[in-house]
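Me: Please take a close look at the tail end of this chain, then work back from there to the rest of the fold. I'd like to know where its residues sit and how the other parts pack together.

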Amino acid sequence: MKKIEAIIKPFKLDEVREALSEVGVTGLTVTEVKGFGRQKGHTELSRGAEYVVDFLPKIKLEIVVANDIVDTAIEAIIKAARTGKIGDGKIFVSSVEQIVRIRTGETNEAAI
């Protein structure tokens with residue numbers, strides 16, 4: 001089992017959720033986050049004053065999938081989240097040792 005964490009632009013959330021649903025992902029966790037990478041933030045003008053926005057709003061998705069659909073899920077995220085512009089985000093994949101569904105006690109693949 002793998003945990004996929006994706007940092008994406010906020011307006012791409014619905015497209016990514018639909019794409020993941022189409023490839024069989026049954027659940028995900030969404031967190032509103034702020035950060036920067038190579039994009040480094042930007043300058044905005046407000047009431048005649050210029051100020052720098054260092055941390056940009058992003059969405060962090062977390063999903064856990066069976067090993068056989070990891071590549072499919074990653075491709076779905078890339079296809080749905082890509083704008084071709086700086087700041088599209090990143091995907092991180094890590095191993096998951098164990099899952100337990102609290103309500104039923106199911107473990108691992110049955111608990112996904």
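Reply: Asn 108 lies in the segment after S6, one of the strands (DSSP runs of E, at least two residues; helices are runs of H or I, at least four; both are numbered from the N terminus). This is a predicted model, in which local features need pLDDT of at least 70 and side-chain atom pairs count only at pLDDT 80 or more, while totals for chains, interfaces and linings use all residues. Residues are numbered from 1 along each chain as its sequence is written, and side-chain values use heavy atoms, with hydrogens and water left out.

Back to the tail itself. With a relative accessible area of 28%, Asn 108 is partly exposed; buried is under 20%, exposed is over 50% and partly exposed is in between, using a 1.4 Å probe and protein chains only. Its backbone deserves a glance too: phi of Asn 108 is near 50 degrees, a positive value in a residue other than glycine. For context, most residues other than glycine have a negative phi.

Gly 105 is found in the segment after S6 as well. Gly 105 counts as partly exposed, at 43% relative accessibility. If you measure from Gly 105 back to Met 1, you span 104 residues in sequence and 18 Å in space, C-alpha to C-alpha.

Now step back into the sheet. It is an open sheet of 4 strands in the order S2-S5-S1-S6, with antiparallel pairing; two strands pair if DSSP finds at least two bridges between them. Strand S2 (29-35) and strand S6 (90-95) are the edge strands, each pairing on one side only. From one strand to the next, the twist averages 25 degrees.

You can follow the sheet strand by strand. Strand S1 (residues 2-8) and S6 run antiparallel and are joined by 6 bridges; here Lys 2 stands opposite Ser 95 in S6. Lys 2 also has a bridge partner in S5, namely Val 65. S1 and S5 are linked by 7 bridges and run antiparallel, and within that pairing Ile 7 stands opposite Lys 60 in S5. Continuing to the S2 edge, 7 bridges join S2 to S5, again antiparallel, and Val 30 has Leu 61 as its bridge partner in S5.

The helices come next. H1 packs on the sheet, touching S1, S2 and strand S5 (56-65), and its direction makes about 10 degrees with that of S5. Contact here means heavy atoms within 4.5 Å. H2 lies across S1, S5 and S6, running at about 5 degrees to S1.

The two helices also meet each other. Helix H1 (residues 13-22) and helix H2 (residues 70-81) pack at an angle of about 150 degrees, their axes 8 Å apart; axes are lines fitted to C-alpha atoms, for helices over the stretch in contact, and angles run from 0 to 180 degrees between N-to-C directions. That makes H1 roughly antiparallel to H2, a label for angles over 145 degrees (under 35 is roughly parallel, 65 to 115 roughly perpendicular and the rest oblique). On the H1 side the contact is made by Glu 15, Val 16, Ala 19 and Leu 20, and on the H2 side by Ala 73, Ala 76, Ile 77, Ala 80 and Ala 81.

One last stop is the loop between S1 and H1, where you will find Lys 9. Is this lysine buried or exposed? At 13% relative accessibility, Lys 9 counts as buried. Leaving aside residues up to four places away in sequence, Lys 9 touches Lys 58, Thr 83, Lys 85, Ile 86, Gly 87 and Asp 88. Leu 56 is another residue to pick out: its place is in strand S5, and Leu 56 is buried, with a relative accessible area of 4%. Leu 56 and Lys 9 are 47 residues apart in sequence and 9.3 Å apart in space, C-alpha to C-alpha.
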